[in-house]
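Please look over the sequence and the structure shown here before reading the report that follows.

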Amino acid sequence: MQSSRSPACPGWLMTAVAPWGENAEDAFDQGLVELGLGDVRLIQAQGAMLPLGFESAPPRPLPMGSLVECHLATSYAWNGSSASAGVAWASCVTPEGDECAIVATISTDRDYEETVLLLRRNLQRRLASRDLEVLQFDVAVDEVTAGPDHHGVAVAALILPESLSLGARTKTGPIRGALTRKAAPESKKRVDTKAPAAPARRPGQPQNNHDFSL
């Protein structure tokens with residue numbers, strides 16, 4: 001029986017392509033509109049770790065002006081060339097038994113199939129470097145071919161619509177000592193002895209004509 005509770009941090013994968021941009025910025029904006037992000041204030045997140053409590057949820061319309069966290073991958077093409085972009089997430093567990101989730105992105109000039117393989121490898125590396133065991137995962141990749149004399153873009157996104165809201169139920173987890181770099185002990189500061197400064201001379205004061213040369 002599936003639980004009826006709502007996830008603490010819902011999110012969903014989306015992809016879009018825009019092959020007829022007048023320039024790269026125009027193509028990207030068209031891609032955001034296709035993703036359903038055209039009317040939101042977008043915060044592009046970096047890093048592999050997702051908010052604790054992340055769960056995949058069905059896409060839904062977002063209110064105009066809302067603040068939305070998003071992990072984006074964008075790949076640009078021009079005048080008949082192709083490009084691909086993808087995003088993947090994985091729910092996983094640490095050796096200590098703490099559940100978490102990570103995300104990986106990729107942007108390439110390869111075709112769809114090869115980009116899927118490269119994205120899965122990126123996700124595997126992120127799991128391995130953090131010593132995480134995967135429970136489930138999902139990937140989303142799209143490929144664009146730009147129109148003649150036009151700019152194209154492929155955009156893939158993991159959209160987290162509630163992670164930045166005032167009522168967000170996200171939280172932080174324990175500090176994993178093996179993965180946290182410790183601060184180095186502060187080295188002793190050297191105190192240099194400086195020669196005393198020469199006395200200041202006021203305007204109109206005669207110069208000292210004493211000669212101290214040997």
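## Acidic surface patch

Patches are made of residues with over 30% relative accessible area and no salt bridge, with like charges joined within 9 Å, and Asp and Glu count as negative. In this predicted model, a patch of negative charge on the surface brings together Glu96, Asp98, Glu99 and Asp131.

Two members of the patch can be placed in the secondary structure: Glu99 belongs to strand E6, which covers residues 99–108, whereas Asp131 sits in the loop between helix H2 (112–129) and strand E7 (133–145). Glu99 has a relative accessibility of 62% and therefore counts as exposed, since exposed means over 50%.

## Overall fold

The protein chain contains two helices and eight strands, and, read from the N terminus, these elements follow the order β-α-β-β-β-β-β-α-β-β. The chain has 214 residues, of which 35% count as buried.

## Strand pairing around E4

Strand E4, residues 67–78, pairs with strand E2, residues 41–44, in the parallel sense, and four bridges link them. Within this pairing, Leu42 has Val68 of E4 as its bridge partner. E4 also pairs with strand E8, residues 151–160, here in the antiparallel sense and over ten bridges; in that pairing, Leu72 has Ala157 of E8 as its bridge partner. E4 is thus a strand for which both a parallel pairing, with E2, and an antiparallel pairing, with E8, are found.

Ile43 is also part of strand E2. The C-alpha atoms of Ile43 and Cys70 lie 6.1 Å apart in space, although 27 residues separate the two in sequence. Ile43 has a relative accessible area of 40% and so is partly exposed, a class that lies between the limits of 20% and 50%.

## Loop residues with positive phi

Two residues other than glycine deserve a note on their backbone angles, and both are found in loops. Asn79, in the loop between E4 and strand E5 (82–93), has a positive phi near 55°. With a relative accessibility of 38%, Asn79 counts as partly exposed.

Asp131, already named as a member of the negative patch, is not a glycine either, yet its phi is positive at about 55°. Asp131 therefore joins two features of this report, because a residue of the patch must have over 30% relative accessible area and no salt bridge, while its backbone takes a positive phi in the loop between H2 and E7.

Terms used: Residues are numbered from 1 along each chain as its sequence is written. This is a predicted model: local features need pLDDT of at least 70, side-chain atom pairs count only at pLDDT 80 or more; totals for chains, interfaces and linings use all residues. Side-chain values use heavy atoms; hydrogens and water are left out. Patches are made of residues with over 30% relative accessible area and no salt bridge: like charges are joined within 9 Å, nonpolar side chains (Val, Leu, Ile, Met, Phe, Trp, Tyr) within 5 Å. Accessible areas come from the Shrake-Rupley method with a 1.4 Å probe; for residues, only the protein chains shown count as cover. A salt bridge is a side-chain nitrogen of Lys or Arg within 4 Å of a carboxyl oxygen of Asp or Glu. The place of a charge is taken as NZ of Lys, CZ of Arg, CG of Asp or CD of Glu. Buried means under 20% relative accessible area, exposed over 50%, partly exposed in between (1.4 Å probe, protein chains only). Two strands pair if DSSP finds at least two bridges between them.
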